[in-house]
Amino acid sequence: MNKEVEFGKYIGMELQKQEDGEAEVALKVLPHHLNSQNIVHGGVFLAMMDLAMGAAASSFGTSVVTMDLQYRFFRPAKVGETVVAQGKVLKNGRTIVVTEGKMLCGDECIGAASGQFFKGR
């Protein structure tokens, strides 16, 4: 996977790890990531998890595209905090890769995700 994913770069994501079915994406929360309640917009977290779990799914050398993504919010993040999305492959099937993920802020888990990705040909 190309570490320079344009959308991720645009919003400030950094792919920090991608190997052996695992990946990590970090983001320092800035004012333009916030919603009207002054917390990170939920779409930012979903985009981070999509990138982290997709990077984990493609870490074996196969291109993938998101089929399904679910996210559960435990607490918000605020300006100045750094959040890290971790993705992990649970099953690397013939045509579908099943993943899970968690969103960390420091040592605290602030969200969890699951996803399925179609393998490219």
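In this predicted model, strands β1 and β2 run antiparallel and are joined by five bridges. One of the pairings places E19 opposite E22, its bridge partner in β2. Helix α2 packs on the sheet, where it touches β1, β2, β3, β4, β5 and β6 (108–119). The direction of α2 makes about 40° with that of β4.

It helps to follow the sheet onward from here. Strand β2, residues 22–28, is joined to β4, residues 82–92, by seven bridges, and the two strands run antiparallel. E22 appears again at this boundary, with K88 as its bridge partner in β4. Strand β4 then pairs with β5, residues 96–105, in the antiparallel sense over nine bridges. Between V89 and its partner T99 in β5 lies one such bridge. The two strands β4 and β5 form a hairpin, with three residues between them.

Taken as a whole, the sheet is open and consists of six strands in the order β1-β2-β4-β5-β6-β3, with antiparallel pairing. Its edge strands are β1 and β3 (64–73), each of which pairs on one side only. From one strand to the next, the twist averages 20°. As general background, strands of a sheet pair through backbone hydrogen bonds, in either a parallel or an antiparallel sense.

A closer look at T99 is rewarding. This residue sits in strand β5 and is buried, with a relative accessible area of 2%, a value that falls under the 20% cut-off for that class. Leaving aside neighbours within four places in sequence, T99 is in contact with M53, A57, K88, V89, L90, S114, G115 and F117. Among these contacts is V89, the residue whose bridge partner in β5 is T99.

Two loop residues deserve a friendly mention for their backbone geometry. Most residues other than glycine have a negative phi. D20, however, has a positive phi near 50° without being a glycine. D20 lies in the loop between β1 (14–19) and β2, and its relative accessible area of 68% makes it exposed. N38 is likewise not a glycine, and its phi is positive at about 60°. The place of N38 is in the loop between β2 and α2 (42–57). With 52% relative accessibility, N38 counts as exposed, because the threshold for that class is over 50%.

Methods
Residues are numbered from 1 along each chain as its sequence is written. This is a predicted model: local features need pLDDT of at least 70, side-chain atom pairs count only at pLDDT 80 or more; totals for chains, interfaces and linings use all residues. Side-chain values use heavy atoms; hydrogens and water are left out. Two strands pair if DSSP finds at least two bridges between them. Helices (H or I, at least four residues) and strands (E, at least two) are DSSP runs, numbered from the N terminus. Buried means under 20% relative accessible area, exposed over 50%, partly exposed in between (1.4 Å probe, protein chains only). Contact means heavy atoms within 4.5 Å. Axes are lines fitted to C-alpha atoms, for helices over the stretch in contact, and angles run from 0 to 180 degrees between N-to-C directions.
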